[in-house]
Amino acid sequence: MKVVVVGGTHGNELSGIQLLKNWQASPQQLARPGLSVSTLMGNPSAYRANRRYLDVDLNRQFVPELLADDALANIEQSRAKVINAQVGPKGASQTDLVIDLHNTTSNMGPTLILVDTTPWDYQLAAYVKHHMPEAVILVEDAKPAAEWGYLCTVGKRGVMVEVGPQSQSVLRHDILEQMATMTGLILDFASLEQAGDLPELPGEVEAYRFIDTHYLPMDEQGEPLAMVHKSLEQNDFCELKPGDPAYQYFDGRIGVFDGDRPLHPHFINEAAYYDSHAAFSLAERVTLNVPAR
């Protein structure tokens, strides 16, 4: 089974980048029976510039239409085509599993993001959650995996590891350890599943399913009228009920959540989304039924 572990898809998310350096120096740390594991630096140009990206977000460029358009040739668009040729190609990949490592400035803890809902994905979620109870499972299945622009979708299977809070361009010991632990568990699972030797797994696992993203209120000039309310800060995956404070307007007003049911915000006030003025994403809490091994 061919596995590629990617760090530095965003050039200022340093945990994955540092782990790649560690693993390249000690590749035995990634070795598992039945797996051929390699590492890949996602966006070396952005890493050298200490920026998330230089032209466009690399982790949104793996849509089939974008990959097929040779006229799209800025730094990240070109890099996506190189990665797709090296790791993919998407839709007919030579790589069985892509694990893409990310940091967030939001207080999401160690989060495993699934972009598909196959039995394999649900079994992986159960295995990781069983061995790492603090892990959060986030399912992004609002559209088929092949339609996402995420780098991990160039593999036959792909997942993202998202760990925070960690400021951009710094390292935190605890966050680095959580990322290494979760990555190791994913590799353990892949090795055991490949050998047909999975242990008994929980029949259910608690998770969150992405619904949509909410944005800051804006004026006619495109300037924010408000900021995320203090009651939400650092409270990723806590319940947000209709009528709860969501925004603090600069004129003193409070904007409330106008949804029709309680949901769970995450990526709250994520620094990387400054250019889109995203305030937070919302998810519903769900129970995944895990198929028997």
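**Backbone geometry, cores and salt bridges of the predicted model**

Gln 234 is located in the loop that connects β8 and β9. In this predicted model, the residue adopts a positive phi of about 70 degrees although it is not a glycine. Most residues other than glycine have a negative phi, and most peptide bonds are trans. The relative accessible area of Gln 234 is 40%, so the residue is classed as partly exposed. A positive phi also occurs at Phe 267, again a residue other than glycine, with a value near 50 degrees. Phe 267 belongs to the loop between β11 (264-266) and β12 (278-289). With a relative accessible area of 8%, Phe 267 is buried.

Cis peptide bonds were identified at two prolines, Pro 89 and Pro 165. The bond from Gly 88 to Pro 89 has omega near 0 degrees, and Pro 89 lies in the loop between α4 (75-87) and β3 (97-103). For the bond from Gly 164 to Pro 165, omega is near 15 degrees. Pro 165 is placed in the loop between β6 (157-164) and α6 (173-194).

The strands that flank the loop of Gln 234 take part in an open sheet of three strands, arranged in the order β8-β9-β10 with antiparallel pairing. The edges of this sheet are formed by β8 (226-228) and β10 (254-256), each of which pairs on one side only. On average, neighbouring strands of the sheet are turned by 35 degrees against each other, direction ignored. Strands of a sheet pair through backbone hydrogen bonds, either parallel or antiparallel. Between β9 (residues 245-249) and β10, the antiparallel pairing extends over three bridges. Within this region, Pro 245 stands opposite Val 256 of β10.

A salt bridge joins the side chains of Arg 253 and Asp 251, with an N to O distance of 2.9 Å. Arg 253 is partly exposed, its relative accessible area being 45%. Asp 251, at 54% relative accessibility, counts as exposed, because the threshold for that class is over 50%.

The nonpolar interior was examined next. The largest nonpolar core comprises 43 residues, and those with the most contacts inside it are Ile 99, Leu 112, Leu 114, Leu 124, Ile 186 and Leu 288. Helix α6 gives the most to this core, contributing nine residues. A second, separate core contains 29 residues, including Leu 58, Val 136, Leu 138 and Leu 151. Leu 114, listed among the residues with the most contacts inside the largest core, was considered individually. Neighbours within four places in sequence being left aside, Leu 114 is in contact with Asp 121, Tyr 122, Leu 124, Ala 125, Ile 137, Leu 138, Val 139, Glu 140 and Val 159.

Across the whole structure, ten salt bridges were found. One of these connects Arg 52 with Glu 13, the closest N and O atoms being 3.2 Å apart. This pair links distant parts of the chain, 39 residues apart: Arg 52 lies in the loop between α2 (44-49) and α3 (64-68), and Glu 13 in the loop between β1 (2-7) and α1 (14-25). Arg 52 has a relative accessible area of 8% and is therefore buried. Glu 13, at 6% relative accessibility, likewise counts as buried. For both residues the assignment follows because buried denotes a value under 20%. Arg 52 and Glu 13 are linked with Asp 57 and Arg 60 in a network of salt bridges.

The loop between β1 and α1 also holds Asn 12. Asn 12 is buried, with a relative accessible area of 7%. Apart from its neighbours within four places in sequence, Asn 12 is in contact with Asn 50, Arg 51, Arg 52, Gln 168 and Ser 169. Among these contacts, Arg 52 is the salt-bridge partner of Glu 13.

A further salt bridge is formed by the side chains of Lys 156 and Asp 96, at 3.5 Å from N to O. This pair, too, links distant parts of the chain, with Lys 156 in the loop between β5 (136-139) and β6, Asp 96 in the loop between α4 and β3, and the two positions 60 residues apart in numbering. Lys 156 has a relative accessible area of 54% and is exposed.

Terms used:
Residues are numbered from 1 along each chain as its sequence is written. This is a predicted model: local features need pLDDT of at least 70, side-chain atom pairs count only at pLDDT 80 or more; totals for chains, interfaces and linings use all residues. Side-chain values use heavy atoms; hydrogens and water are left out. Two strands pair if DSSP finds at least two bridges between them. Helices (H or I, at least four residues) and strands (E, at least two) are DSSP runs, numbered from the N terminus. Axes are lines fitted to C-alpha atoms, for helices over the stretch in contact, and angles run from 0 to 180 degrees between N-to-C directions. Buried means under 20% relative accessible area, exposed over 50%, partly exposed in between (1.4 Å probe, protein chains only). A nonpolar core is a set of buried Ala, Val, Leu, Ile, Met, Phe, Trp, Tyr and Cys residues joined through side-chain atoms within 4.5 Å. Contact means heavy atoms within 4.5 Å. A salt bridge is a side-chain nitrogen of Lys or Arg within 4 Å of a carboxyl oxygen of Asp or Glu.
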